[in-house]
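Here is a short tour of one model, meant to be read with the viewer open. Please keep the sequence at hand as you go.

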Amino acid sequence: MYVSLRKIVFGAFLCLAVNMQAQQKNDDQKCRYTKTTYGYLMVLREGDNVLNSIENLAKEQQIPSANFTGIGFAQEVTFGFYDFNQKKFNPKTFNKVEMGSLTGSIAWNEGKPSLHIHGVATDDKFDAYGGHILALKVGTGSMEIYITVNSEKLERKIEQPLNANVLQLPCLK
């Protein structure tokens, strides 16, 4: 009887371990984006780096340029307010907020995707914070980003005197 009880307990632990491994593998295999009529729908999950995810999508799918909007939970968002005298962003980070609005564009700079993102985040007191987004990590739940692809490739270039990365537009003929 002692041996059969050990076998039952061992079997239960083995089943639990296999089930946990399968569930973890299933989470890793969840799609992060899908193609839509106008571009892509991206659904990111807890811990995902939003900026890296959008940049990777732009590289993988060779998106010429795009604009995007999004909503969702943020574990951490860093906003930057541009100091025109020092020509740099002054960052401020907020934790455990909800992104009530996320909007941005994708262009290219020296062969790499170049993002420009702004947003508004709210906390549990309904206080709102916003501005230029320097970093964004998904919190508990998810973040949905709708990407509308443009047919023309657009570039960004550093322009003076601001030292800002500005979207370059082709002139109409």
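What follows covers the pockets, the nonpolar core and the aromatic pairs, with one glutamine at the end.

Do keep in mind that this is a predicted model. Its largest pocket has a volume of about 500 Å³, and the second largest pocket comes to about 240 Å³. The largest nonpolar core has 29 residues, and the structure holds 5 aromatic pairs.

**The largest pocket**

- To find this pocket of about 500 Å³, look for Tyr82, Phe89, His116, His132 and Asn165, which are the closest to its centre among the 19 lining residues.
- Strand E3 (65–83), strand E5 (112–122), strand E6 (128–150) and strand E8 (164–168) each give two or more residues to the lining.
- Which of these elements gives the most to the lining? It is E5, with 5 residues.
- By class, the lining of the largest pocket has 11 nonpolar residues, 7 polar ones and 1 charged.

**The second largest pocket**

- This pocket has a volume of about 240 Å³, and 13 residues line it, with Phe73, Ala74, Lys96, Val97 and Glu98 the closest to its centre.
- The elements that give two or more residues to its lining are E3, strand E4 (88–109) and E6.
- Its lining divides into 4 nonpolar, 4 polar and 5 charged residues.

**The nonpolar core**

- As background, nonpolar side chains in soluble globular proteins tend to be buried together.
- Here, the members of the largest nonpolar core that touch the most other members are Val50, Val77, Met99, Ile133, Leu136, Met143 and Ile145.
- At least two residues of this core come from each of strand E2 (39–45), helix H2 (50–61), E3, E4, E5 and E6.
- Ile145 is a good place to zoom in: leaving out residues up to four places away in sequence, Ile145 touches Tyr40, Leu41, Met42, Leu44, Val50, Ile54, Phe68, Thr69, Gly70 and Leu102.

**Aromatic pairs**

- Among the 5 aromatic pairs is the one formed by Tyr33 and Tyr40, whose ring planes meet at 80° with the centres 6.0 Å apart, so this pair is edge-to-face.
- Is each partner buried or partly exposed? Tyr33 is partly exposed, at 27% relative accessible area, while Tyr40 counts as buried because its relative accessibility is 7%, and the cut-off for buried is under 20%.
- Phe94 and Tyr129 form a stacked pair, at 4.0 Å centre to centre and 25° between the planes.
- This second pair links distant parts of the chain, as Phe94 lies in strand E4 and Tyr129 in strand E6, 35 residues apart.
- Phe94 counts as buried at 14% relative accessibility, whereas Tyr129 counts as partly exposed at 24%.
- With Phe79 added, Phe94 and Tyr129 form one aromatic cluster.

**Gln61 and the tyrosines**

- Gln61 lies in helix H2 and counts as partly exposed, with a relative accessibility of 34%.
- Which residues does Gln61 contact, leaving aside its neighbours within four places in sequence? They are Tyr33 and Tyr40, the two rings of the edge-to-face pair.
- Between Gln61 and Tyr40 there are 9.9 Å in space, C-alpha to C-alpha, and the two are 21 residues apart in sequence.
- Tyr40 is thus a handy residue to select in the viewer, with contacts to Gln61 and to Ile145.

Key: Residues numbered from 1 in each chain as written. Predicted model: local features only at pLDDT ≥ 70, side-chain atom pairs only at ≥ 80, totals over all residues. Heavy atoms only, no water. 1 Å grid on protein atoms, 1.4 Å probe; cavity = no way out; pocket = protein on both sides within 12 Å on 5 of 7 lines; lining within 4 Å. Points joined across faces, edges and corners; volume = space filled by probe spheres on them. Helix = DSSP H or I, 4+ residues; strand = E, 2+ residues; numbered from the N terminus. Nonpolar A, V, L, I, M, F, W, Y, C, P; charged D, E, K, R; others polar. Core = buried A, V, L, I, M, F, W, Y, C linked by side-chain atoms within 4.5 Å. Buried < 20%, exposed > 50% of the residue type's maximum accessible area, 1.4 Å probe, protein only. Contact = heavy atoms within 4.5 Å. Phe/Tyr/Trp six-rings, centres within 6.5 Å; stacked < 30°, edge-to-face > 60°.
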